[in-house]
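Welcome to this tour! Open your viewer, get comfortable with rotating and selecting, and follow along one stop at a time.

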Amino acid sequence: MMSLCLVAAIASGAGPEPQVYALSGPPVVAEKRLPSVLKPYERMKAKVADLALPGAGKPAPPGSFLWQPSYELDYALRGQARPYAPQPGDIVLSTDGSVFWKLMHNLAGTGHPTHSMIVFAYPDGSLGILEGGPHDTLKCRVLEPLPHLFSYEGDGRVWVRRRAVPLTPEQSARLTEFALAADGRQFSIGKLAQQLTPFRARGPVRTAFVGKPRGLDKSGYYCSELIVEACAYAGLIDPCTARPSATYPRDLFMDRSPNPYLNKHLKLAPAWDPPARWTSSEAVPCP
C-alpha cells in the first residue's frame, strides 16, 4: 500500500516543495571563530609582521627632527626643531598610552617612559636600532631606526638621548657585536615580572651587590636591561658600576634615580645629551 501511494504521489506531481535559493546560492553558515584573545599566536604573528624589520619596507617618516633637550616628560616641544640623523650610541626612549604598562611600571616604583632602544652600525656602515620586545612582541630585535621611531610616534612620544661624544671604532664594533648577537633572543617576561617582587635586583641595599652585567651570557633581556648590557659590553659605561637588571627606562631618561646606588653611579651625561623630543615634522601642532 505504501509503495502504491508513493507512485501515485509522484505521478500526480505531489511531494515536498522544491527549495528556492537566491542567485548567490544556498545560505552560508558563518564559520565559528575563536575570539582574538584566545589566539595569541596569530595576534603575535601580526605584531611581528608590523615591525620595521630590515627589508620589511615599513614607511619612513616624512622628516626627522629633534627639539631642545630637556629632562621633562611633558608634551611641550621646546625651542627650534633641528634635523636629526641617527648615529651609533644614540639612546631612544618612548612611551605610549597603554594602561597596562603604566600600571606595571607604577607598581614597580617607576613611570614613563616605558620603552628604550639603542642605535648601532652594521659592519657595512648602515644603521640599525636594537630593542627588547618592540611593540609588545616577545623577542629582542634589530630594526630600521627611523621607521621604528615613526611607529612609536603614532603611539605616543619619542625622545632621543643623542651621543655627544662619537663612539670610537672599537666601541662601535663592540656595540655592533652585541646587537647582532642579541637579535632574536627572548624578551625576558619573567625578569620583568620579578620587578614587582622583593626578589628583584633593585633595592636600596641589594643593587650594590646584585644585577651586575652578564653581557651575552643571557638567553633574554627586558628593554632597559638590554640597553645597559649593550653599553657596558661596548665600554660606553663602566661595567663595574652598571646594574642592567636594576635599571628602568626612566633612569636612563632622567639621569637620576630613586635607587641610591643608581643615582650615584648611573650618569649618561655628559657623554649623552639630555633627552630631546623627536618628531617626524618640524611644525608645531596647534594646542
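In which helix is Arg43 found? Select Arg43 and you land in helix α2, residues 40-49. Helices here are DSSP runs of H or I with at least four residues, strands are E runs of at least two, and both are numbered from the N terminus.

Before moving on, a word about what you are looking at. This is a predicted model, in which local features need pLDDT of at least 70 and side-chain atom pairs count only at pLDDT 80 or more, while totals for chains, interfaces and linings use all residues. Residues are numbered from 1 along each chain as its sequence is written, and side-chain values use heavy atoms, with hydrogens and water left out.

**Stop 1: Arg43.** Keep Arg43 selected. Arg43 counts as partly exposed because its relative accessibility is 40%; buried means under 20% relative accessible area, exposed means over 50%, and partly exposed is in between (1.4 Å probe, protein chains only). Now add Thr137: 94 residues separate the pair in sequence, yet their C-alpha atoms are 9.9 Å apart in space.

**Stop 2: the whole chain.** Zoom out and colour by secondary structure. You should find nine helices and 10 strands. Of the 287 residues, 44% are buried.

**Stop 3: the sheet.** Select the strands. Eight of them form an open, antiparallel sheet in the order β2-β1-β10-β7-β3-β4-β5-β6. Two strands pair if DSSP finds at least two bridges between them. At the edges are β2 (82-83) and β6 (140-143), each pairing on one side only. Strands of a sheet pair through backbone hydrogen bonds, either parallel or antiparallel.

**Stop 4: strand β4.** Select residues 115-121, which make up β4. Is β4 largely enclosed or open? Seven of its seven residues are buried, so β4 is largely enclosed by the rest of the structure. Turn the strand to see both faces covered: His115, Met117, Val119 and Ala121 lie on one side, with Ser116, Ile118 and Phe120 on the other.

Now show the neighbours of β4. Strand β3 (residues 91-96) runs antiparallel to β4 and is joined to it by four bridges. Leu93 has Ser116 as its bridge partner, and Ser94 has His115. Strand β5 (residues 127-132) pairs with β4 in the antiparallel sense over five bridges, with Ala121 opposite Leu127. Between β4 and β5, the hairpin has five residues, and there Gly125 takes a positive phi near 95°.

**Stop 5: Thr95.** Go back to β3 and pick Thr95. Thr95 counts as buried because its relative accessibility is 1%. Leaving out residues up to four places away in sequence, Thr95 touches several residues, including His112, Asp155 and Trp159; contact means heavy atoms within 4.5 Å.

**Stop 6: the cores.** A nonpolar core is a set of buried Ala, Val, Leu, Ile, Met, Phe, Trp, Tyr and Cys residues joined through side-chain atoms within 4.5 Å. In the largest core, of 35 residues, select Ile91, Leu130, Phe178, Cys231, Ile237 and Trp272, which touch the most other members. Elements giving two or more residues to this core include β3, β4 and α5 (169-182), and α7 gives the most, with eight residues. Centre on Cys231: apart from neighbours within four places in sequence, Cys231 is in contact with Ile91, Ile118, Leu236, Ile237 and Trp272. Finally, look for a second, separate core of 14 residues, among them Tyr84, Val92, Leu149 and Val160.
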